[in-house]
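Student: I should like a close look at a single part of this structure, the sheet and its surroundings. Please treat the matter in one connected account.

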Amino acid sequence: MAKLYFKYGAMGSSKTAQALITRFNYIEMGMRVWLIKPSKDTRDGDSSVKSRIGLEAEAQIIYEGDDIARIFNDTRKGETDVIIADEAQFFEPCQIDQLHEIATWEDVPVLCFGLRTDFMLRLFPGSRRLLELAESITEIKTICRCGSKATVNVRFLPDGRVATEGEQIVLGGNETYKAMCYKCMQTLIRQQK
Ligand SMILES: [Zn+2]
């Protein structure tokens with residue numbers, strides 16, 4: 001059977017670039033890629049997947065309540081060699097189950113790129129399901145400003161303070177989130193008390 005892959009990393013770890021490079025490599029080998037992303041990631045306002053280094057591709061948007069296995073069977077079966085998903089933390093848990101079903105029964109590998117945890121170090125529901133189901137889990141590493149591995153996604157408020165509470169999903173650009181090590185994040189929080 002094909003595998004469900006979870007490739008996770010902090011903000012700014014070039015997950016989207018990795019997803020698009022992987023897509024390019026498959027296409028170069030003559031394989032057909034179905035690129036998808038969840039509707040909650042509306043940062044780009046459209047169906048394109050963009051990386052900060054300038055790579056870009058069109059994706060099919062998956063909405064809440066969509067049955068990905070059904071969409072695959074109705075529109076992509078026999079025409080897809082690999083599925084690549086960006087911002088996979090925003091899928092519903094049942095949609096991760098559907099992707100796993102496709103990998104298992106249709107023998108199509110599913111590569112999910114996304115965040116593991118939010119700004120309060122809580123798993124996203126979609127990431128939790130990926131950690132439970134994925135046959136392959138790998139970390140895309142990036143470093144904190146201190147040189148340690150960055151593992152947390154620090155959310156900054158408009159006044160520059162570090163957010164310690166709030167909604168799990170607040171879309172923002174480079175000024176809203178910064179990947180840091182846990183100690184640097186905690187140092188910032190202690191300084192603002
Ligand atoms: Zn640090």
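Tutor: The account below starts with the sheet, moves through its strands and helices, and ends with the loops and the metal site. The model is a predicted one.

The sheet is open and has six strands, in the order S5-S2-S6-S7-S1-S8, with parallel pairing. Its edges are formed by strand S5 (60-62) and strand S8 (136-139), each of which pairs on one side only. From one strand to the next the twist averages 20°.

Strand S6 (residues 82-85) is a convenient place to begin. Val82 and Ile84 point one way from S6, Ile83 and Ala85 point the other way, and all are buried. In a regular strand, side chains alternate between the two faces of the sheet.

On one flank, S6 runs parallel to strand S2 (residues 33-38), and four bridges join the two. Within this pairing, the bridge partner of tryptophan 34 in S6 is isoleucine 83, and isoleucine 36 stands opposite alanine 85 in S6. S6 is also joined to strand S7 (residues 110-114) by three bridges, again in a parallel arrangement. Here alanine 85 stands opposite cysteine 112 in S7. Between S6 and S7 the chain crosses through helix H3 (residues 93-106), and this β-α-β crossover is right-handed. Alanine 85 thus appears in both pairings, opposite isoleucine 36 and opposite cysteine 112. Strands of a sheet pair through backbone hydrogen bonds, whether parallel or antiparallel.

S2 deserves the same attention. Six of the six residues of S2 are buried, so the strand is largely enclosed by the rest of the structure. The cover extends to both faces: Val33, Leu35 and Lys37 lie on one side, Trp34, Ile36 and Pro38 on the other, and all are buried. Lys37 is therefore counted among the buried residues of S2, since being buried requires a relative accessible area under 20%. S2 also pairs with S5, in the parallel sense and over three bridges. In that pairing, the partner of proline 38 in S5 is isoleucine 62.

Two helices lie across these strands. Helix H1 (residues 15-28) lies across strand S1 (4-8), S2, S6 and S7, and runs at about 155° to S7. Helix H2 (residues 68-76) lies across S2, S5 and S6, and runs at about 145° to S2. S2 and S6 are thus among the strands crossed by H1, and they are also among those crossed by H2.

The loops that follow S6 and S7 each contain a residue with a notable backbone angle. In the loop between S6 and H3 lies glutamate 87, which has a positive phi of about 50° although it is not a glycine. Glutamate 87 has a relative accessible area of 9% and is buried. Leucine 121 is found in the loop between S7 and helix H4 (125-133). Its phi is likewise positive, about 65°, although leucine 121 is not a glycine. Leucine 121 has a relative accessible area of 36%, so it is classed as partly exposed.

A further loop, between strand S9 (152-155) and strand S10 (177-180), holds glutamate 175. Glutamate 175 is exposed, with a relative accessible area of 62%. Its C-alpha atom is separated by 22 Å from that of phenylalanine 113, and the two residues are 62 residues apart along the chain.

The zinc ion completes the account. Its protein donors are the SG atoms of Cys144, Cys146, Cys181 and Cys184, lying 2.3 Å from the ion. The angles among the four donor atoms are 103 to 118°, and the site is tetrahedral. Along the sequence, the donor residues follow the spacing C-x1-C-x34-C-x2-C. The accessibility of two of these donors can be set side by side: cysteine 144 counts as buried at 3% relative accessibility, whereas cysteine 146 is partly exposed, with a relative accessible area of 46%.

Note on methods: Residues numbered from 1 in each chain as written. Predicted model: local features only at pLDDT ≥ 70, side-chain atom pairs only at ≥ 80, totals over all residues. Heavy atoms only, no water. Donors = N, O, S within 2.8 Å, 3.2 Å for Na, K, Ca; no water. Tetrahedral: all angles 85-135°; square planar, octahedral: opposite > 155°, others 65-115°. Buried < 20%, exposed > 50% of the residue type's maximum accessible area, 1.4 Å probe, protein only. Pairing = 2+ DSSP bridges. Right-handed = clockwise from strand over helix to strand, strands pointing away. Axes fitted to C-alpha atoms, helices over the stretch in contact; angles between N-to-C directions. Contact = heavy atoms within 4.5 Å.
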